[in-house]
Every structure is written in C-alpha cells, then in structure tokens.
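Here is a short briefing to read alongside the model. Please keep the viewer open as you go through the points.

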Amino acid sequence: MVSKGGEQGMAEQSKNGTQDEATRAYRARILDKAGSLFHQFGFKRVTMDDVSHELGISKKTLYQHIRGKDSLVETFVDEFLDTSLRAVARIFDDNLDIVDLTEGIVTFMTKRLEIISPAMMADMQ
C-alpha cells in the first residue's frame, strides 16, 4: 500500500478523525434514545422500529450504526457498566479515607441504579 504524504495525507487523516467523532456522536445519540426507551418500556418491548422512529431516522440508517437489537442492548449495557466503572475508579483516585470512599461509592451507585427501571429489571430476570 502506498501511503499518502504531505498535506493531502494530513487532510485525509483529519477528515477521518472528524468522521470518527461524528460516528461516535451519532452512536451516542442512538444509545441515549434507546436507553430512554429501555427505561420506559424495558428491553423486550422496545423494537428497532421504535428506536428509529424516536430518532426520526430510517431503520436502514439505524442498521448502518447498530447491527441489530441484541447488539443495541449489549452496547447499551456495556456503556452503562463502563461508565460506572470509570466513575468508581475516579472516586478511588481521590485518595479518600475509608468513610468518605464508602460514602462516595454508595452515593454514586444509588444514583446509578435509579437509571435501571422496574421494566428493565423484569427483563433481566
């Protein structure tokens, strides 16, 4: 493969970086909307039609970003867990004494678990 040099290669790298950011932002928008629907109706009742309708996009466009419902649920759960773990790690990084550390973790986890609705919990059982 011949690599592109000079300004043309840099411009293409910059363009690809912007496209990657746009793709990540679009996927985040999809996950946010799907999360709202999951919270309201649970994992089982939400369809890809529901998600695409709520986003105001076609299913074809949705499927360009997410392989299917299983992938959507898995990605949503992975994001939820990753975000939670990073937040807990930041609490540990604060070098708090054990009482403040425990309080920080309990407070965070209480707020975080409020995101999981009864409908979502029922679907996970």
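The points below go from the overall fold to the pocket, the aromatic rings, the salt bridge and a few single residues.

This is a predicted model, in which local features need pLDDT of at least 70, side-chain atom pairs count only at pLDDT 80 or more, and totals for chains, interfaces and linings use all residues. Residues are numbered from 1 along each chain as its sequence is written, and side-chain values use heavy atoms, with hydrogens and water left out.

**Overall fold**

- The protein chain has 6 helices and 0 strands, where helices (H or I, at least four residues) and strands (E, at least two) are DSSP runs numbered from the N terminus.
- Read from the N terminus, the order of elements is α-α-α-α-α-α.
- Of the 125 residues in the protein chain, 27% are buried; buried means under 20% relative accessible area, exposed over 50%, and partly exposed in between (1.4 Å probe, protein chains only).

**Helix α4**

- The 25 residues of α4 should span 36 Å at 1.5 Å a residue, and its end C-alpha atoms are indeed 36 Å apart; the expected span is 1.5 Å times one less than the number of residues.
- Buried residues of α4 include Leu-72, Thr-75, Phe-76, Phe-80 and Ile-91.
- An α-helix has 3.6 residues a turn, so residues three or four places apart point the same way.

**The largest pocket**

- The volume of the largest pocket is about 290 Å³.
- A pocket here is an open set of points on a 1 Å grid over the protein atoms alone, where a 1.4 Å probe fits, with protein on both sides within 12 Å along at least five of seven lines; lining residues have an atom within 4 Å of a point.
- Grid points are joined across faces, edges and corners, and the volume is the space filled by probe spheres set on the points.
- Among the 13 residues lining the largest pocket, Leu-31, Asp-32, Gly-35, Phe-76 and Ile-115 are the closest to its centre.
- Two elements, α1 (6-41) and α4 (69-93), give two or more residues to this lining, and α1 supplies the largest share, 6 residues.
- By type, the lining divides into 6 nonpolar, 4 polar and 3 charged residues; Ala, Val, Leu, Ile, Met, Phe, Trp, Tyr, Cys and Pro count as nonpolar, Asp, Glu, Lys and Arg as charged, and the others, Gly among them, as polar.

**Aromatic rings**

- There are 3 aromatic pairs in the structure: rings of Phe, Tyr and Trp (its six-membered ring) pair if their centres lie within 6.5 Å, and planes under 30 degrees apart count as stacked, over 60 as edge-to-face and the rest as tilted.
- One of the pairs, Phe-38 with Phe-43, is tilted, at 4.9 Å centre to centre and 55° between the planes.
- Phe-38 and Phe-43 are both buried, and with Phe-76 they form one aromatic cluster.

**Salt bridge**

- The whole structure has 1 salt bridge, meaning a side-chain nitrogen of Lys or Arg within 4 Å of a carboxyl oxygen of Asp or Glu.
- Asp-49 and Lys-59 form a salt bridge, with their closest N and O atoms 3.3 Å apart.
- Asp-49 sits in helix α2 (residues 48-55) and Lys-59 in helix α3 (residues 59-65), 10 residues apart.
- Asp-49 is partly exposed at 43% relative accessible area, and Lys-59 is partly exposed at 34%.

**Single residues to look at**

- Ser-36 belongs to helix α1 and is partly exposed at 42% relative accessibility.
- The C-alpha atoms of Ser-36 and Ile-115 are 9.4 Å apart, although 79 residues separate them along the chain.
- Asn-95 lies in the loop between α4 and α5 (98-113), and has a positive phi of about 50° although it is not a glycine.
- Asn-95 is exposed, with a relative accessible area of 70%.
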